[in-house]
Amino acid sequence: MRQLEQAKRAFPNVYLLVGIPNDEITHREKGVTVMNERERAESVRHCKWVDEVLSTSTGLTQQVLENAPWVVTPEFLEKHKIDYVAHDDLPYGSGDVADIYEPVKKLGKFLPTKRTEGVSSSDIITRCYAFCLKLLSRPENDKTKTENNRSQELKDAEIKVLGKSVG
């Protein structure tokens, strides 16, 4: 969220528009996500720095306009009257493209932000996975009632997703 704050405070009177690519694009380009598109849009929508969210989700608010692309084009910037695209300055590769932000950088419409030190979605996913493995490997009599309920929910979700239990 600190990157959103940086983008909002970069200039006076900033209207911060945040794009949320849909699940199909995100899963293809980045991998499976913990939150689906609707959940991602809703979590960003509640950030105090954000004025508007672009997403394909429907029924959330009038602010949801349309699908946000994975790669922002000059045409997209013009259509939505976007002055700058904010993201950390590291090259962000996708497919055969070394940096999906290069076209925006060449236009002079890229605002580099700093990542939040020690906060990583990959680390959060890894911790969640480790927590699940640890919880499922403990005997029932070593768990609280809540942990036993959570274990059963995890096993049920595993069967739903994989079609079988692997534990």
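## A walk from Trp70 to Leu4

Start by selecting Trp70: at 16% relative accessibility it is buried (buried is under 20% relative accessible area, exposed over 50%, partly exposed in between, using a 1.4 Å probe and protein chains only). Before you go on, note that this is a predicted model, where local features need pLDDT of at least 70, side-chain atom pairs count only at pLDDT 80 or more, and totals for chains, interfaces and linings use all residues. Residues are numbered from 1 along each chain as its sequence is written, and side-chain values use heavy atoms, with hydrogens and water left out.

**The aromatic stop**

Keep Trp70 on screen and turn on the aromatic rings. Rings of Phe, Tyr and Trp (its six-membered ring) pair if their centres lie within 6.5 Å; planes under 30 degrees apart are stacked, over 60 edge-to-face, and the rest tilted. That rule gives four aromatic pairs. One of them joins Trp70 to Tyr92, a tilted pair with 6.2 Å centre to centre and 55° between the planes. Trp70 sits in the loop between strand 2 (52-54) and helix 4 (74-79), and Tyr92 in the loop between strand 3 (85-88) and helix 5 (102-106), so the pair ties together parts 22 residues apart in sequence. (Helices are DSSP runs of H or I with at least four residues, strands are E runs of at least two, numbered from the N terminus.) Tyr92 is buried too, at 19%.

Next, pick Tyr101 and Phe110. Their ring centres are 5.6 Å apart with the planes at 50°, so this pair is tilted. Tyr101 is buried at 11% relative accessibility, and Phe110 is buried at 13%. Now show Trp70, Tyr92, Tyr101 and Phe110 together: they form one aromatic cluster.

While you're at Phe110, add Lys105, which lies over the ring face at 4.8 Å from the ring centre (the rule wants NZ of Lys or CZ of Arg within 6 Å of the centre and within 35 degrees of the ring normal).

**The cysteines**

How many disulfides does the structure hold? Zero, with a disulfide being a pair of cysteine sulfur atoms within 2.5 Å. Click on Cys128: its nearest cysteine sulfur, that of Cys132, is 6.7 Å away. Cys128 is partly exposed at 41%, while Cys47 is buried at 10%.

**Last stop: Leu4**

From Cys47, hop to Leu4 in helix 1 (residues 2-9), which is buried at 18%. Beyond neighbours within four places in sequence, Leu4 contacts Leu16, Val18, Val44, Cys47, Trp49 and Val50 (contact means heavy atoms within 4.5 Å). For a final distance, take the C-alpha atoms of Leu4 and Leu17: 9.7 Å, across 13 residues of chain.
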